[in-house]
Amino acid sequence: MIKTIFITGADKGLGFSLAQRFLREGTRVFAGQHHPEGNLSDLAKSFPQAFTPIPLDVTQMDSVRLAASRVAELIPALDLLINNAAVMLETRTPLPELDMTRLPLLETLDVNTFGPLRMVQQFLPLLEKGDHKLILNVSSEAGSIADCPRESEFAYSMSKAALNMQSKILQNYLKPRGFKILAVHPGWMQTDMGGVGATIHPDEAADGIFKLAVKNWNPDDEIYMDYRGQPLPW
Ligand SMILES: NC(=O)c1ccc[n+]([C@@H]2O[C@H](COP(=O)([O-])OP(=O)(O)OC[C@H]3O[C@@H](n4cnc5c(N)ncnc54)[C@H](OP(=O)(O)O)[C@@H]3O)[C@@H](O)[C@H]2O)c1
(Lines give C-alpha, C1' and ligand atoms only; values in the text may rest on other atoms or scores of the structure.)
Protein backbone atom coordinates (compact mmCIF):
# COMPACT_ATOMS: atom_id res chain seq x y z
CA MET A 1 0.00 0.00 0.00
CA ILE A 2 1.23 3.47 -0.86
CA LYS A 3 0.90 5.71 2.20
CA THR A 4 3.25 8.55 1.24
CA ILE A 5 4.26 10.07 -2.08
CA PHE A 6 6.29 12.98 -3.47
CA ILE A 7 5.39 14.39 -6.93
CA THR A 8 7.61 16.94 -8.69
CA GLY A 9 6.10 19.67 -10.88
CA ALA A 10 2.67 19.40 -9.28
CA ASP A 11 1.58 22.99 -9.95
CA LYS A 12 -0.42 22.06 -13.05
CA GLY A 13 -0.91 19.49 -15.80
CA LEU A 14 -0.23 15.84 -15.03
CA GLY A 15 1.47 16.59 -11.69
CA PHE A 16 -1.67 18.33 -10.41
CA SER A 17 -3.92 15.49 -11.64
CA LEU A 18 -1.64 12.95 -9.94
CA ALA A 19 -1.81 14.87 -6.66
CA GLN A 20 -5.63 14.87 -6.79
CA ARG A 21 -5.75 11.15 -7.76
CA PHE A 22 -3.58 10.03 -4.84
CA LEU A 23 -5.36 12.36 -2.38
CA ARG A 24 -8.67 10.69 -3.30
CA GLU A 25 -7.13 7.38 -2.14
CA GLY A 26 -6.18 8.83 1.24
CA THR A 27 -2.45 9.01 0.40
CA ARG A 28 -0.27 11.59 2.17
CA VAL A 29 0.88 13.75 -0.75
CA PHE A 30 3.93 16.03 -0.88
CA ALA A 31 3.81 18.20 -3.98
CA GLY A 32 6.79 19.94 -5.52
CA GLN A 33 5.71 23.53 -6.14
CA HIS A 34 7.72 25.37 -8.77
CA HIS A 35 5.97 28.72 -8.42
CA PRO A 36 4.42 29.99 -5.17
CA GLU A 37 1.15 31.15 -6.74
CA GLY A 38 -1.20 28.68 -8.40
CA ASN A 39 -3.59 25.81 -7.77
CA LEU A 40 -1.77 24.10 -4.95
CA SER A 41 -2.99 26.45 -2.21
CA ASP A 42 -6.59 25.36 -2.98
CA LEU A 43 -5.63 21.69 -2.61
CA ALA A 44 -3.88 22.50 0.67
CA LYS A 45 -7.12 24.06 1.95
CA SER A 46 -9.22 21.06 0.85
CA PHE A 47 -6.78 18.48 2.29
CA PRO A 48 -5.09 20.23 5.24
CA GLN A 49 -3.83 16.98 6.82
CA ALA A 50 -2.93 14.96 3.72
CA PHE A 51 -1.46 17.57 1.38
CA THR A 52 1.75 19.55 1.75
CA PRO A 53 3.18 21.74 -1.02
CA ILE A 54 6.99 21.93 -0.91
CA PRO A 55 8.86 24.63 -2.87
CA LEU A 56 11.06 22.88 -5.42
CA ASP A 57 13.24 23.67 -8.40
CA VAL A 58 14.73 20.37 -9.58
CA THR A 59 17.65 22.16 -11.27
CA GLN A 60 18.85 23.59 -7.94
CA MET A 61 20.70 21.19 -5.66
CA ASP A 62 20.00 23.33 -2.57
CA SER A 63 16.28 23.34 -3.38
CA VAL A 64 16.19 19.54 -3.79
CA ARG A 65 18.20 19.04 -0.58
CA LEU A 66 15.91 21.38 1.36
CA ALA A 67 12.79 19.65 0.00
CA ALA A 68 14.12 16.25 1.14
CA SER A 69 14.95 17.53 4.61
CA ARG A 70 11.53 19.22 4.96
CA VAL A 71 9.77 15.98 4.08
CA ALA A 72 12.06 14.02 6.45
CA GLU A 73 10.99 16.35 9.29
CA LEU A 74 7.35 15.41 8.69
CA ILE A 75 7.37 11.69 7.84
CA PRO A 76 9.77 8.80 8.62
CA ALA A 77 9.49 7.09 5.21
CA LEU A 78 8.43 7.73 1.62
CA ASP A 79 6.77 4.97 -0.43
CA LEU A 80 6.82 6.52 -3.92
CA LEU A 81 8.67 9.27 -5.78
CA ILE A 82 7.13 10.48 -9.05
CA ASN A 83 9.58 12.50 -11.15
CA ASN A 84 7.06 14.40 -13.26
CA ALA A 85 8.53 17.92 -13.70
CA ALA A 86 9.79 18.65 -17.20
CA VAL A 87 10.08 21.35 -19.84
CA MET A 88 9.78 21.40 -23.61
CA LEU A 89 11.55 24.54 -24.75
CA GLU A 90 11.93 24.01 -28.51
CA THR A 91 9.09 22.79 -30.68
CA ARG A 92 9.88 21.39 -34.12
CA THR A 93 12.61 23.94 -34.81
CA PRO A 94 14.45 22.69 -37.94
CA LEU A 95 18.17 22.00 -37.41
CA PRO A 96 19.43 25.02 -39.43
CA GLU A 97 17.39 27.36 -37.19
CA LEU A 98 18.31 25.72 -33.91
CA ASP A 99 20.34 28.13 -31.78
CA MET A 100 23.21 26.03 -30.47
CA THR A 101 24.57 28.88 -28.34
CA ARG A 102 21.42 29.30 -26.31
CA LEU A 103 20.82 27.70 -22.99
CA PRO A 104 17.42 26.03 -23.66
CA LEU A 105 19.11 22.89 -24.95
CA LEU A 106 21.10 22.46 -21.77
CA GLU A 107 18.21 23.63 -19.58
CA THR A 108 16.01 20.87 -21.01
CA LEU A 109 18.53 18.23 -19.96
CA ASP A 110 19.00 19.94 -16.60
CA VAL A 111 15.27 19.78 -15.75
CA ASN A 112 14.15 16.60 -17.53
CA THR A 113 17.16 14.34 -16.99
CA PHE A 114 19.35 15.58 -14.15
CA GLY A 115 16.37 16.85 -12.12
CA PRO A 116 15.06 13.29 -11.55
CA LEU A 117 18.57 12.08 -10.66
CA ARG A 118 19.04 14.86 -8.09
CA MET A 119 15.67 13.89 -6.60
CA VAL A 120 16.57 10.21 -6.35
CA GLN A 121 19.93 10.99 -4.77
CA GLN A 122 18.44 13.20 -2.06
CA PHE A 123 15.22 11.24 -1.40
CA LEU A 124 16.82 7.77 -1.40
CA PRO A 125 17.29 7.58 2.41
CA LEU A 126 13.55 8.25 2.89
CA LEU A 127 12.54 5.89 0.06
CA GLU A 128 14.68 3.10 1.53
CA LYS A 129 12.63 3.27 4.71
CA GLY A 130 9.37 3.04 2.71
CA ASP A 131 7.39 -0.17 2.18
CA HIS A 132 6.70 0.24 -1.54
CA LYS A 133 10.16 1.27 -2.87
CA LEU A 134 8.98 2.62 -6.21
CA ILE A 135 10.49 5.42 -8.31
CA LEU A 136 8.32 6.40 -11.26
CA ASN A 137 9.93 8.61 -13.89
CA VAL A 138 7.45 10.28 -16.22
CA SER A 139 9.11 9.67 -19.58
CA SER A 140 7.66 10.00 -23.09
CA GLU A 141 7.29 8.10 -26.32
CA ALA A 142 9.68 10.81 -27.54
CA GLY A 143 12.41 8.99 -25.58
CA SER A 144 12.13 5.83 -27.67
CA ILE A 145 15.13 5.48 -30.00
CA ALA A 146 13.76 2.32 -31.62
CA ASP A 147 10.47 3.95 -32.54
CA CYS A 148 11.43 7.54 -33.43
CA PRO A 149 9.66 9.23 -36.38
CA ARG A 150 10.91 12.76 -35.50
CA GLU A 151 13.22 14.99 -37.53
CA SER A 152 13.46 17.71 -34.86
CA GLU A 153 12.72 18.25 -31.12
CA PHE A 154 16.29 17.22 -30.37
CA ALA A 155 16.59 18.46 -26.79
CA TYR A 156 13.29 17.12 -25.44
CA SER A 157 13.60 13.72 -27.16
CA MET A 158 17.24 13.32 -26.11
CA SER A 159 16.37 14.30 -22.54
CA LYS A 160 13.73 11.55 -22.33
CA ALA A 161 15.96 8.92 -24.01
CA ALA A 162 18.58 9.77 -21.40
CA LEU A 163 15.93 9.54 -18.66
CA ASN A 164 15.15 6.04 -19.93
CA MET A 165 18.83 5.10 -19.65
CA GLN A 166 18.89 6.60 -16.18
CA SER A 167 15.88 4.45 -15.24
CA LYS A 168 17.67 1.28 -16.40
CA ILE A 169 20.90 2.14 -14.54
CA LEU A 170 18.92 2.94 -11.38
CA GLN A 171 17.05 -0.35 -11.69
CA ASN A 172 20.38 -2.22 -11.84
CA TYR A 173 21.79 -0.22 -8.93
CA LEU A 174 18.75 -0.41 -6.67
CA LYS A 175 17.53 -3.95 -7.44
CA PRO A 176 19.52 -5.47 -4.54
CA ARG A 177 17.70 -3.06 -2.20
CA GLY A 178 14.27 -4.15 -3.45
CA PHE A 179 13.44 -1.11 -5.59
CA LYS A 180 11.38 -1.00 -8.79
CA ILE A 181 11.93 1.80 -11.33
CA LEU A 182 9.34 2.67 -13.99
CA ALA A 183 9.67 5.03 -16.98
CA VAL A 184 6.12 5.82 -18.09
CA HIS A 185 4.82 7.63 -21.19
CA PRO A 186 1.64 9.38 -19.98
CA GLY A 187 -0.02 9.74 -23.38
CA TRP A 188 -0.53 12.93 -25.36
CA MET A 189 -2.26 15.12 -22.77
CA GLN A 190 -4.23 18.35 -22.86
CA THR A 191 -1.79 20.37 -20.77
CA ASP A 192 0.32 23.48 -21.34
CA MET A 193 3.00 21.17 -22.76
CA GLY A 194 0.72 18.90 -24.81
CA GLY A 195 -1.57 21.64 -26.15
CA VAL A 196 -5.33 21.72 -26.70
CA GLY A 197 -5.23 19.29 -29.66
CA ALA A 198 -3.94 16.46 -27.47
CA THR A 199 -5.92 13.23 -27.21
CA ILE A 200 -6.42 12.72 -23.46
CA HIS A 201 -7.09 14.70 -20.29
CA PRO A 202 -4.27 14.50 -17.72
CA ASP A 203 -6.78 12.94 -15.25
CA GLU A 204 -6.90 9.87 -17.53
CA ALA A 205 -3.10 9.61 -17.54
CA ALA A 206 -3.05 10.11 -13.75
CA ASP A 207 -5.57 7.29 -13.30
CA GLY A 208 -3.43 4.94 -15.44
CA ILE A 209 -0.27 5.92 -13.58
CA PHE A 210 -2.03 5.39 -10.23
CA LYS A 211 -2.95 1.84 -11.29
CA LEU A 212 0.63 1.13 -12.38
CA ALA A 213 2.00 2.58 -9.14
CA VAL A 214 -0.06 0.38 -6.83
CA LYS A 215 0.87 -2.88 -8.61
CA ASN A 216 3.31 -5.28 -6.96
CA TRP A 217 6.25 -5.14 -9.33
CA ASN A 218 9.17 -7.50 -9.65
CA PRO A 219 12.47 -5.64 -10.28
CA ASP A 220 12.95 -7.70 -13.46
CA ASP A 221 9.61 -6.62 -14.95
CA GLU A 222 9.40 -4.11 -17.81
CA ILE A 223 10.65 -0.58 -17.07
CA TYR A 224 9.50 1.48 -20.09
CA MET A 225 5.76 1.48 -20.83
CA ASP A 226 2.78 3.71 -21.51
CA TYR A 227 0.23 4.78 -18.88
CA ARG A 228 -1.91 1.70 -19.65
CA GLY A 229 1.04 -0.60 -18.95
CA GLN A 230 1.80 -1.41 -22.61
CA PRO A 231 5.59 -1.96 -22.95
CA LEU A 232 7.38 0.47 -25.28
CA PRO A 233 10.49 -0.27 -27.36
CA TRP A 234 13.63 1.36 -25.94
N1 LIG B 1 1.78 16.78 -22.26
C2 LIG B 1 2.06 15.72 -23.00
O3 LIG B 1 1.41 15.42 -23.99
C4 LIG B 1 3.21 14.82 -22.60
C5 LIG B 1 3.54 13.74 -23.43
C6 LIG B 1 4.56 12.88 -23.03
C7 LIG B 1 5.21 13.09 -21.84
N8 LIG B 1 4.88 14.17 -21.05
C9 LIG B 1 5.58 14.33 -19.78
O10 LIG B 1 4.62 14.38 -18.73
C11 LIG B 1 5.13 15.19 -17.64
C12 LIG B 1 4.12 16.25 -17.26
O13 LIG B 1 3.89 17.06 -18.41
P14 LIG B 1 2.74 18.15 -18.47
O15 LIG B 1 2.16 18.05 -19.82
O16 LIG B 1 1.88 18.07 -17.27
O17 LIG B 1 3.64 19.47 -18.43
P18 LIG B 1 3.28 20.95 -17.89
O19 LIG B 1 1.82 21.18 -17.90
O20 LIG B 1 4.17 21.86 -18.67
O21 LIG B 1 3.77 20.88 -16.37
C22 LIG B 1 5.14 20.70 -16.07
C23 LIG B 1 5.34 20.94 -14.59
O24 LIG B 1 6.77 20.88 -14.31
C25 LIG B 1 7.11 22.06 -13.56
N26 LIG B 1 8.51 22.43 -13.73
C27 LIG B 1 9.11 22.95 -14.83
N28 LIG B 1 10.41 23.21 -14.58
C29 LIG B 1 10.64 22.84 -13.29
C30 LIG B 1 11.76 22.87 -12.45
N31 LIG B 1 12.94 23.35 -12.86
N32 LIG B 1 11.64 22.40 -11.18
C33 LIG B 1 10.45 21.93 -10.73
N34 LIG B 1 9.34 21.90 -11.47
C35 LIG B 1 9.43 22.35 -12.75
C36 LIG B 1 6.18 23.12 -14.07
O37 LIG B 1 6.09 24.21 -13.18
P38 LIG B 1 5.93 25.72 -13.78
O39 LIG B 1 4.87 25.68 -14.81
O40 LIG B 1 5.59 26.51 -12.59
O41 LIG B 1 7.25 26.05 -14.37
C42 LIG B 1 4.86 22.33 -14.13
O43 LIG B 1 4.28 22.24 -12.86
C44 LIG B 1 6.46 15.72 -18.13
O45 LIG B 1 7.51 14.88 -17.66
C46 LIG B 1 6.36 15.62 -19.64
O47 LIG B 1 7.63 15.55 -20.27
C48 LIG B 1 3.91 15.04 -21.41
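Start by selecting Met225 in this predicted model: the residue is buried, with a relative accessible area of 1%. Met225 belongs to strand S7, which runs over residues 224–226. Show what surrounds the side chain and, leaving aside neighbours within four places in sequence, you'll find contacts with Leu182, Ala183, Val184, His185, Leu212, Trp217, Gln230, Pro231 and Leu232. Now keep Met225 on screen and add Glu73. The two are 152 residues apart in sequence, and their C-alpha atoms are 34 Å apart in space.

**Over to H3**

Glu73 brings you to helix H3, so to speak, and here you can colour residues 61–74. H3 has 14 residues, and from its first C-alpha to its last it reaches 20 Å, close to the 20 Å expected at 1.5 Å a residue.

Which residues of H3 are buried? Pick out Ser63, Val64, Ala67, Ala68 and Val71. They sit on the same side of H3, because the arc they cover around the axis is only 135°. Swing round to the face turned away from that buried side, and you'll see the exposed residues Asp62 and Glu73. To see what covers the buried residues of H3, switch on strand S1 (4–7), strand S2 (28–33), strand S3 (51–55) and helix H4 (104–128), which are included in that cover.

**Along H4**

Two residues of H4 are good stops. Take Arg118 to begin with, which has its place in this helix. Is Arg118 buried or exposed? With a relative accessible area of 17%, Arg118 counts as buried. Follow its side chain out to the backbone oxygen of Val58, which it reaches at 2.9 Å. Beyond neighbours within four places in sequence, Arg118 is in contact with Val58, Thr59, Met61, Val64 and Asp110. Val64 should look familiar: it was one of the buried residues of H3.

Next, select Asn112, also placed in helix H4. Asn112 is buried, at a relative accessible area of 1%. Zoom in on the side chain: one of its polar atoms lies 2.8 Å from the backbone nitrogen of Val87. Not counting residues up to four places away in sequence, Asn112 touches Ala86, Val87, Tyr156, Ser159, Lys160 and Leu163.

Before leaving this part of the chain, pick Thr91, in the loop between strand S4 (80–83) and H4. Thr91 is exposed, with a relative accessible area of 53%. Draw a line from its C-alpha to that of Val120: the pair are 29 residues apart in sequence and 28 Å apart in space.

**Two residues with positive phi**

Where is Lys133? Look in the loop between H4 and strand S5 (134–138). Lys133 isn't a glycine, yet it has a positive phi of about 50°. The residue is buried as well, with a relative accessible area of 17%.

Then go to Glu153, in the loop between S5 and helix H5 (154–174). Phi of Glu153 is near 60°, again a positive value in a residue other than glycine. Glu153 is buried too, at a relative accessible area of 7%.

**The ligand**

Now select the ligand and bring up its surroundings. Of the 30 residues around the ligand, His34, His35, Asn84, Tyr156 and Thr191 come nearest. Tyr156 is also one of the residues that Asn112 touches.

Three distances are worth labelling here. A polar side-chain atom of Thr191 lies 2.5 Å from a ligand oxygen atom. A polar side-chain atom of Asp57 lies 2.9 Å from a nitrogen atom of the ligand. For Leu14, the label goes on the backbone: an N or O atom there lies 2.8 Å from an oxygen atom of the ligand. Turn on the surface as you look: the ligand taken alone exposes 900 Å², and the protein buries 91% of that.

**Last stop: Asn39**

Finish in the loop between S2 and helix H2 (40–46), where Asn39 is found. Asn39 is partly exposed, with a relative accessible area of 35%. Show Asp11 and Phe16 alongside, since Asn39 touches both of these, not counting residues up to four places away in sequence. Add Lys12 to the view: the C-alpha atoms of Asn39 and Lys12 are separated by 7.2 Å, with their positions 27 residues apart along the chain.

How values were computed
Residues numbered from 1 in each chain as written. Predicted model: local features only at pLDDT ≥ 70, side-chain atom pairs only at ≥ 80, totals over all residues. Heavy atoms only, no water. Helix = DSSP H or I, 4+ residues; strand = E, 2+ residues; numbered from the N terminus. Expected span 1.5 Å × (residues − 1). Buried < 20%, exposed > 50% of the residue type's maximum accessible area, 1.4 Å probe, protein only. Arc of directions from axis to C-beta. Contact = heavy atoms within 4.5 Å. Near = heavy atom within 4 Å. Polar contact = N/O pair within 3.5 Å; in protein donor to acceptor, adjacent residues only side chain to side chain. Areas by Shrake-Rupley, 256 points an atom, 1.4 Å probe, with all protein chains shown as cover.
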